[in-house]
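The following exercises are to be worked through with the sequence and the three-dimensional structure at hand. Each task is followed by a solution in steps.

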Amino acid sequence: MVVILRDAAAVFWVEYRRYVRTRRYWALALTALALGALMCVAVAALAATAPRVVLASVRAMPFLPAYLLGWLAAFSLTVQAPLAFRMVQDVYKTRPLSDLYLTELHPLGVVLGRAAATTALTGLVLMLLTPAALWLLSVLGAPLWGWAAIACMTLGAHCFGACLEAFSMREYYSDQAQPPAANTRRTNWYTTLVTLTALAGLALTALPAVFAQLFPLTGLPLWAFSPITAPVLLYRGLLGEGWRPMLWGLLFTLGFGLWAAVAAAQWRDWWSDTAYRALRWGGTAFWTVFVGVHAAVLAEAYVDDVARAERWLFGLLTLTTLLNLTLAPLLGYYGIARRPRPLRRALSYPWGGIVWQWALHGLTAGALYLSIGLASGVWVAPAKLLFWTVYLWIAFVLLGQAILIWTLAYYRAHPTHLQGDYVHGYFINTRAHRVALDNMAQLASYGVMIVLAGLGLLIGVGWVFRLSARLLAMPALGALGDWALRIHPWWGVYGGWTGVDSLWYLPYAALWAIGLWVWGWRVGVRRGFEATQSLAQWRERVDGEPTQAETRQTVA
């Protein structure tokens with residue numbers, strides 16, 4: 001730990017001093033300052049020219065100051081986004097360097113040091129925006145010390161964004177790929193997240209003033225992940241609704257940032273067995289707590305009878321199941337670490353990751369059940385929980401992993417370096433090897449997209465049948481269109497949401513999953529044997545051809 005902190009401090013000072021002296025940084029900082037000044041001018045002009053009725057309706061929105069200050073804090077993205085992207089790369093000015101620091105540093109220290117430097121440089125921009133923020137707070141009648149809390153929450157969100165960018169660019173740290181150039185276009189996931197929450201922040205500002213039942217949604221800790229919506233948690237505390245959502249939000253933001261930093265450091269040739277265990281066990285527990293806290297907040301506000309408890313439990317379980325499939329690479333479920341000897345009683349790759357995903361589904365289902373029951377005092381029947389858990393496990397998890405099974409069967413029939421090898425008692429794990437494993441880990445989420453595409457196709461077919469029934473005056477076609485969606489194994493989700501008995505969809509989805517797993521296994525084994533035979537024939541042909549020296553001797 002001392003080595004990690006020491007290297008993180010060294011990288012922080014190198015990166016901070018390197019960028020704070022550049023004209024590009026100050027050009028971006030002055031751009032953010034100009035945007036803040038324009039926002040203050042717009043607010044002043046609106047306050048001077050708008051009718052009293054409009055001003056009265058605007059002041060009735062309790063979270064309007066939070067939304068405006070969130071946008072002011074979000075102007076710091078003009079600095080954070082390019083810095084987070086550039087610091088992830090081993091780039092000096094215009095060209096990549098394989099060893100930017102010219103010394104051996106701990107991979108986790110490098111990731112944390114760059115995230116800290118990005119956060120500190122963004123903090124300078126927030127200091128420049130302080131006069132504009134204080135003026136806005138005085139105009140809106142809010143306490144001036146609120147800007148300090150908003151700035152801290154913004155810096156926490158930016159630190160999470162820097163670590164997320166480090167993980168999202170993990171594919172560039174391979175033997176076959178070089179870090180991209182500075183002008184390479186790519187998706188900035190953190191900026192995309194902030195952009196999407198801009199609309200959510202507008203809804204949180206306007207709708208609770210009209211619909212009081214939507215006010216509890218402002219207490220979800222997940223709003224802390226974006227600087228636009230983070231001030232909502234602060235203003236909720238100022239209104240006397242409690243400070244726990246803000247504290248939970250800060251904890252989750254920093255925790256997910258550290259989680260992403262450890263996962264990103266593995267790609268910089270760390271391959272620590274301890275880190276993989278921390279990602280699997282600690283990350284799984286952290287995600288389970290995150291899901292349970294949000295379910296408790298929603299259940300405390302909206303669940304007052306068994307029917308609502310069942311609907312909320314089923315809806316949250318469906319959403320969580322889909323999110324679980326996308327977290328496999330971040331949790332390291334399919335990773336293989338460098339260790340002194342093979343683990344005893346460990347499943348072969350990738351069965352370990354497959355089973356870990358099954359366990360995550362069960363853990364999150366139990367967390368949702370306990371959170372909703374303890375928060376609302378209303379408990380769902382255990383039989384329904386068991387049925388929904390098993391059905392969603394089969395319909396989403398197993399069907400999503402069915403596309404992965406042919407890869408497992410292929411490498412079982414045609415062993416390659418993807419299984420790795422133990423040399424002198426240590427597991428050899430290369431970057432190219434890790435890239436291949438990560439691509440395999442993402443196949444489960446890709447499988448869900450294929451099933452979702454089939455659902456969309458059936459929806460289109462149903463619309464065509466209904467339209468044809470109206471144009472041709474044939475009610476039979478309309479009935480056929482209504483039954484088109486029922487052949488999809490996910491139709492049971494609609495039945496569970498509406499309360500319709502869909503018990504028989506569990507064995508129906510199981511037949512789909514078993515059929516796809518058997519078909520995928522046979523395809524993988526056949527392709528593996530074909531690849532093995534092709535390799536054997538190639539070796540026989542190469543061994544049978546005379547070498548260059550033998551050819552010259554024969555001619556002579």
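**Exercise 1. Classify the exposure of R18 and of its salt-bridge partner E15, and describe the pair.**

Step 1. R18 has a relative accessible area of 22%, so this residue is partly exposed. The limit that decides the case is 20%, since buried means under that value. The model is a predicted one, and every value used in these solutions is computed from it.

Step 2. E15 has a relative accessibility of 0% and therefore counts as buried.

Step 3. R18 and E15 form a salt bridge in which the closest N and O atoms are 2.9 Å apart. The cut-off is an N to O distance within 4 Å.

Step 4. Both residues belong to helix α1 (residues 2-20); because they are three residues apart there, about one helical turn separates them.

**Exercise 2. Determine which residues are linked with R18 in a network of salt bridges.**

Step 1. E15 also takes part in a salt bridge with R114, where the closest N and O atoms are 3.9 Å apart.

Step 2. R114 is located in helix α6 and E15 in helix α1, so this pair ties together parts that are 99 residues apart in sequence.

Step 3. At 6% relative accessibility, R114 is classed as buried.

Step 4. The network consequently comprises E15, R18 and R114, a conclusion that follows because E15 bridges to R18 and R114 bridges to E15 as well.

**Exercise 3. State how many salt bridges the count gives, and characterise the one between D304 and R308.**

Step 1. The count comes to five salt bridges.

Step 2. In one of them, the side chains of D304 and R308 meet at 3.7 Å, N to O.

Step 3. D304, with 54% relative accessibility, counts as exposed, whereas R308, with 42%, counts as partly exposed.

**Exercise 4. Decide whether the ring pair F256 and W259 is stacked or edge-to-face.**

Step 1. The search of the whole structure finds 26 aromatic pairs.

Step 2. For F256 and W259, the ring centres are 5.0 Å apart and the planes make an angle of 25°, so the pair is stacked. The relevant cut-off is that planes under 30 degrees apart count as stacked.

Step 3. The two residues are three positions apart in helix α11 (residues 244-265), which means that about one helical turn lies between them.

Step 4. Both F256 and W259 are buried.

Step 5. F256 and W259 are also members of one aromatic cluster, whose other members include F160, Y190, W248 and F290.

**Exercise 5. Describe the geometry of the aromatic pair W358 and W393, and locate its two residues.**

Step 1. The pair W358 and W393 is edge-to-face, with 5.5 Å from centre to centre and 90° between the planes.

Step 2. W358 lies in helix α15 (residues 351-376) and W393 in helix α16 (residues 382-413); the pair therefore ties together parts that are 35 residues apart in sequence.

Step 3. W358 counts as partly exposed at 26% relative accessibility, and W393 is likewise partly exposed at 24%.

**Exercise 6. Identify which residues of helix α19 are buried and which exposed residues lie on the face turned away from them.**

Step 1. In helix α19 (residues 475-484), the buried residues are L477, G478, G481 and A484.

Step 2. These residues cover an arc of only 110° around the axis, so they are on the same side of α19.

Step 3. The face turned away from this buried side carries the exposed residues P475, A476 and W483.

**Exercise 7. Name the residues of the nonpolar surface patch that includes L128, and find which helix gives the most to the patch.**

Step 1. The patch is formed by W26, L30, L33 and L128, which together have about 340 Å² of accessible area.

Step 2. Helix α2 (residues 23-49) gives the most, with three residues.

Step 3. L128 is found in helix α6 (residues 107-128) and is partly exposed, with a relative accessible area of 32%.

**Exercise 8. Summarise the protein chain as a whole: how many helices and strands does the chain have, and what share of the residues is buried?**

Step 1. The chain has 22 helices and four strands.

Step 2. Of its 556 residues, 49% are buried.

Step 3. The chain exposes about 28,100 Å², of which carbon and sulfur atoms supply 68%.

Technical notes. Residues numbered from 1 in each chain as written. Predicted model: local features only at pLDDT ≥ 70, side-chain atom pairs only at ≥ 80, totals over all residues. Heavy atoms only, no water. Phe/Tyr/Trp six-rings, centres within 6.5 Å; stacked < 30°, edge-to-face > 60°. Buried < 20%, exposed > 50% of the residue type's maximum accessible area, 1.4 Å probe, protein only. Patch = residues over 30% accessible without salt bridge, like charges linked within 9 Å, V, L, I, M, F, W, Y side chains within 5 Å. Areas by Shrake-Rupley, 256 points an atom, 1.4 Å probe, with all protein chains shown as cover. Arc of directions from axis to C-beta.
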